[in-house]
Amino acid sequence: MNVLVVGGAGYIGSHVVRALLDASHTVRVYDNLSSGLRRNLQPEAEFVHGDIGDALALRSAMRGIDAIVHLAAFKAAGESMIAPEKYSINNISGTINLLNAAADMDVHRIVFSSSAAVYGEPEYLPVDETHPTNPTNYYGFTKLEIERIMAWYDSLRGIRFAALRYFNAAGYDTQRRITGLEQNPANLLPVIMEVAVGRRPALKVFGDDYETVDGTGVRDYIHVTDLADGHVRAVDKLAEEDRSFTVNLGSETGLSVLQIVEAARNVTGRPIATEIVARRPGDPARLTASATQARETLGWTARYSDVESLVRTSWFAYQQLLA
Ligand code: WQD
């Protein structure tokens with residue numbers, strides 16, 4: 001199929017592009033390079049430098065396209081509470097532009113990058129897709145709103161969507177082909193890697209008095225190679241069956257902050273200093289996914305999301321900073 005990957009130069013997007021190419025799809029990347037990187041562009045994929053706000057450019061990028069994978073969004077939950085306008089424009093308005101262009105250009109399949117942030121504070125674990133949706137940050141709200149808008153475009157315009165609710169994306173391509181590092185990361189694994197290479201003095205551990213295995217926060221880390229595989233399966237599924245669906249993509253395994261630090265010390269051989277600081281407001285103690293739906297709908301299961309693979313593949317990417 002001819003697939004347009006909007007946001008295909010970003011961290012997750014570039015892995016999705018790689019997986020689509022590996023599965024013999026033809027790929028066109030559309031990205032404004034605001035956080036995406038040129039070095040993430042794959043030589044076999046066509047590149048269109050454009051913004052999701054540019055309705056005309058979006059329309060022309062959709063010529064000859066069979067399916068869209070949409071990952072163009074701002075994703076910093078904390079920032080979304082300080083600068084909501086930015087998230088309204090890029091995430092919500094941008095997606096409306098994209099859906100309108102798709103309707104106009106007769107593209108009827110969209111795989112959308114959603115998030116576990118749509119659930120908010122978990123009421124039970126593991127979180128399945130029927131869990132109530134009460135986002136606790138504006139970022140999560142934008143993802144939920146987009147899911148709702150897509151449901152209307154499904155019934156009114158026949159655009160079928162796959163909403164993939166990612167848990168904590170981490171790691172790098174298991175075949176080491178993608179090495180573009182995120183700038184100013186705030187997520188746990190890249191921060192640990194920056195400590196390992198000496199870019200930061202220590203990892204600030206946000207609280208060690210949670211009711212968890214060792215007091216630190218527990219999350220469901222899903223390897224980006226597994227996520228990418230989920231997107232390829234979702235594209236194929238939308239082509240096979242004329243029906244929208246929403247699934248979690250998670251490993252179904254909880255890892256604490258200190259368990260990841262320990263694994264990172266073993267893999268990197270570096271001390272990785274930690275400093276216990278106050279809890280970060282809004283952080284739940286534990287968040288883990290049920291991936292039953294993804295298994296049943298897509299035949300998908302996480303294969304590389306063990307702590308060792310998460311850390312090892314990240315370390316390979318970050319070692320370039322030591323070269
Ligand atoms: C993971 C764990 C922290 C950094 C966020 C977004 C969410 C989604 C994924 C996009 C927690 C702890 C972290 C640090 C730490 N984004 N931590 N020190 O908060 O689970 O989810 O990214 O969809 O919407 O909110 O991920 O990587 O920030 O934190 O102790 O410097 O690591 O408290 O327990 P989070 P994270």
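How many bridges join strand E1 (residues 2–6) to E2? Select the two strands together: five bridges join E1 to E2, and the strands run parallel, where two strands are taken to pair if DSSP finds at least two bridges between them. Before going further, note that this is a predicted model, in which local features need pLDDT of at least 70 and side-chain atom pairs count only at pLDDT 80 or more, while totals for chains, interfaces and linings use all residues. Residues are numbered from 1 along each chain as its sequence is written, and side-chain values use heavy atoms, with hydrogens and water left out.

**The whole chain**

With everything displayed, the protein shows ten helices and 13 strands; the helices (H or I, at least four residues) and strands (E, at least two) are DSSP runs, numbered from the N terminus. The C-alpha atoms fill a box of roughly 55 × 45 × 40 Å along the principal axes. The radius of gyration is 19 Å, which agrees with the value near 20 Å that a compact globule of 323 residues would have; the radius is taken over C-alpha atoms, and the globule rule is 2.2 Å times the number of residues to the power 0.38. Of the 323 residues, 54% count as buried, a term that means under 20% relative accessible area, with exposed meaning over 50% and partly exposed in between (1.4 Å probe, protein chains only). Among contacts with a separation of 6 or more, 77% are between residues 24 or more positions apart, contact meaning heavy atoms within 4.5 Å.

**Strands E1 and E2, and the loop that follows**

Return to E1 and select Asn2, whose bridge partner in E2 is Thr26. Colouring E2 by accessibility will show that this strand is mostly covered, since five of its six residues are buried. Next select Leu33, in the loop between strand E2 (26–31) and strand E3 (46–49); Leu33 has a positive phi of about 60° although it is not a glycine.

**Gly64**

Move to the loop between helix H2 (55–61) and strand E4 (67–70), where Gly64 is found. Gly64 counts as exposed, because its relative accessibility is 56%. Add Leu4 to the selection: Gly64 and Leu4 are 60 residues apart along the chain, and their C-alpha atoms are separated by 9.5 Å.

**A cis peptide bond**

Select Leu125 and Pro126, which are joined by a cis peptide bond with an omega of about -10°. Pro126 lies in the loop between strand E5 (109–115) and helix H5 (138–157).

**Strands E6 and E11**

Now show strand E6 (residues 160–166) with E11, to which it is joined by five bridges, the two running parallel. Within this pair, Arg165 has Asn248 of E11 as its bridge partner. Strand E11 (residues 245–249) has four of its five residues buried, so it is largely enclosed by the rest of the structure.

**Around Tyr172**

Select Thr225 in helix H7 (residues 224–240), a residue that is buried, with a relative accessible area of 16%. Leaving out residues up to four places away in sequence, Thr225 touches Tyr172, Asp173, Thr174 and Tyr304. Keep Tyr172 displayed and add Ser314, which lies in helix H10 (residues 307–318). Ser314 counts as buried, because its relative accessibility is 3%, and beyond its neighbours within four places in sequence it is in contact with Gly171, Tyr172, Leu189 and Met193.

**Asn184**

In the loop between strand E7 (168–170) and helix H6 (188–196), select Asn184. Here too is a positive phi, about 45°, although Asn184 is not a glycine. Asn184 is exposed, with a relative accessible area of 73%.

**The segment after H10**

The tour ends at Leu322, found in the segment after H10. With a relative accessible area of 37%, Leu322 is partly exposed. Show its contacts, setting aside residues up to four places away in sequence, and Leu322 is seen to touch Val197, Arg270 and Trp315. Finally, draw a distance from Leu322 to Thr253: the two are 69 residues apart in sequence and 31 Å apart in space, C-alpha to C-alpha.
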